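Open the model in your viewer and switch to the cartoon display. Keep the sequence panel in sight. This tour moves from one selection to the next.

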Amino acid sequence: MFLEVDLVRDAKRHGKGVVGIYCEFTPRELILAANALPVCLCGANNRTIPPAETVLPSNLCPLIKSSFGYILTNRCPFYMVLDLVVAETTCDGKKKMYELIAEKKPVHVLELTQKVDEQEAFDHWLAEVRKLRKRLEQTFNRTITDDDLREAIRMMNKERGLLKEAFELGKEEPAVLTGKELSDIRYRVAGVAGHLKMLDEFISEAKRRKETGRFAAKAGAPRIMLTGCPTAQGTTKLIEVIEECGAVVVAQETCSGLKPLDLMVDEDGDPLEAIARKYFKLPCSCMTPNTGRTELIERLAREFRVNAVIDLVWQACHTYNVESYLIDKFVREKLGIPYMKIETDYSDSDRERLKVRVQTLVEML
Ligand code: SF4
Ligand code: SF4
């Protein structure tokens, strides 16, 4: 695969803007419509955590500490060429980290309202998305028209559609892809034609595997749904452990998996409102109540025929940690399948202990 860093630098040299993002609530369509590239900034390396802890408290989630450590040590290759960081008020740790980043780079904060069922909450979110449009217009000195937005919506829907098709290959039984292989197709820069080609090839290769009987797991291997905090390349320890224990992660109900791919942006009607609506419906644990998550888990469990659910909670992620009580109850009582919560960090120090726990679950299935 081409190097995304080279691609971003090259785009910048040719006059494109570069906008850093950290969260799936950030509407990538608006950034693309401003002739800029949305880039997921780095935050998946244990080595950037100690430098971050010289500034941040150590009892924060590893994702926040790693992200900030990248910036503090100038290790994020995208960070150098950024015009703007778009941040959002999801969890408290990230929200406050953005204030520290704002000392170094221009930051625009989207205020995410969190009562997902209330019209007033959506109206405020829509106003925030409108403000982001203005900020991007000012930053890049151009007008974002509704036609620009519609074109970006079509592009992102196509990209999401292909990613979704790839993740839905997890429905195959026996599995044609491992959860690790699926995790590794995620990339950092949205709206790039090369990624669409890469995804097409990935899907075709998986279909060839099926036709030629080259499966990624044995027939009858326990089928696991991963839910909870997002993973990234470098932080797939739990997926690796599950698959080393002989199970296969067929469905990922996470922001690094199917969660942001479930809904497309409506291509009819007012484009800004359609964008705001799609993102507002993302069932992240910072929403309250977050019933969309159990609805999605239930649907994925049925469609992917999962035998158990494993919930990944990064240490000190309070929203996912507390919500796990409700998910545990829902999975055991409503879906009638086993559930296991794993609370861990980016280090490898607990890998063997995790293996013992996961192995015990897998042997029961
Ligand atoms: S889990 Fe929530 S806070 Fe984290 S990336 Fe997803 S939407 Fe954003
Ligand atoms: S994993 Fe949890 S605490 Fe960490 S950034 Fe995401 S929502 Fe915030």
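Two strands count as paired if DSSP finds at least two bridges between them. Keep in mind that this model is predicted.

**Stop 1: two parallel strands.** Select residues 223-228, strand E5, and residues 308-314, strand E7. The two run parallel, and 5 bridges join them. Now pick out Gly228 and Leu312: Leu312, in E7, is the bridge partner of Gly228.

**Stop 2: the other pairing.** Add strand E8, residues 339-344. E7 pairs with E8 too, over 6 bridges, again in the parallel sense. Click Ile310, then its bridge partner in E8, Met340. Next, follow the chain from E7 to E8: it passes through helix H13, residues 318-335. This β-α-β crossover is right-handed.

**Stop 3: the faces of E7.** Is E7 covered on one face or on both? Both are covered. Show the side chains. Ala308, Ile310, Leu312 and Trp314 are buried on one side. Val309, Asp311 and Val313 are buried on the other. That is 7 of 7 residues in the strand.

**Stop 4: Met225.** Return to strand E5 and select Met225. Why does Met225 count as buried? A residue is buried if 20 or more other C-beta atoms lie within 10 Å of its own. Met225 has 28 such neighbours, so it counts as buried.

Now show its contacts, leaving aside neighbours within four places in sequence. They are Ala251, Glu253, Leu300, Ala301, Phe304, Val306 and Val309. Last, draw a C-alpha to C-alpha distance from Met225 to Ile297: 8.4 Å in space, with their positions 72 residues apart in sequence.

Conventions
Residues numbered from 1 in each chain as written. Chains lettered and ligands numbered in written order. Predicted model: local features only at pLDDT ≥ 70, side-chain atom pairs only at ≥ 80, totals over all residues. Buried ≥ 20, exposed ≤ 12 C-beta atoms within 10 Å, placed from the backbone. Helix = DSSP H or I, 4+ residues; strand = E, 2+ residues; numbered from the N terminus. Right-handed = clockwise from strand over helix to strand, strands pointing away. Contact = placed C-beta atoms within 7 Å.
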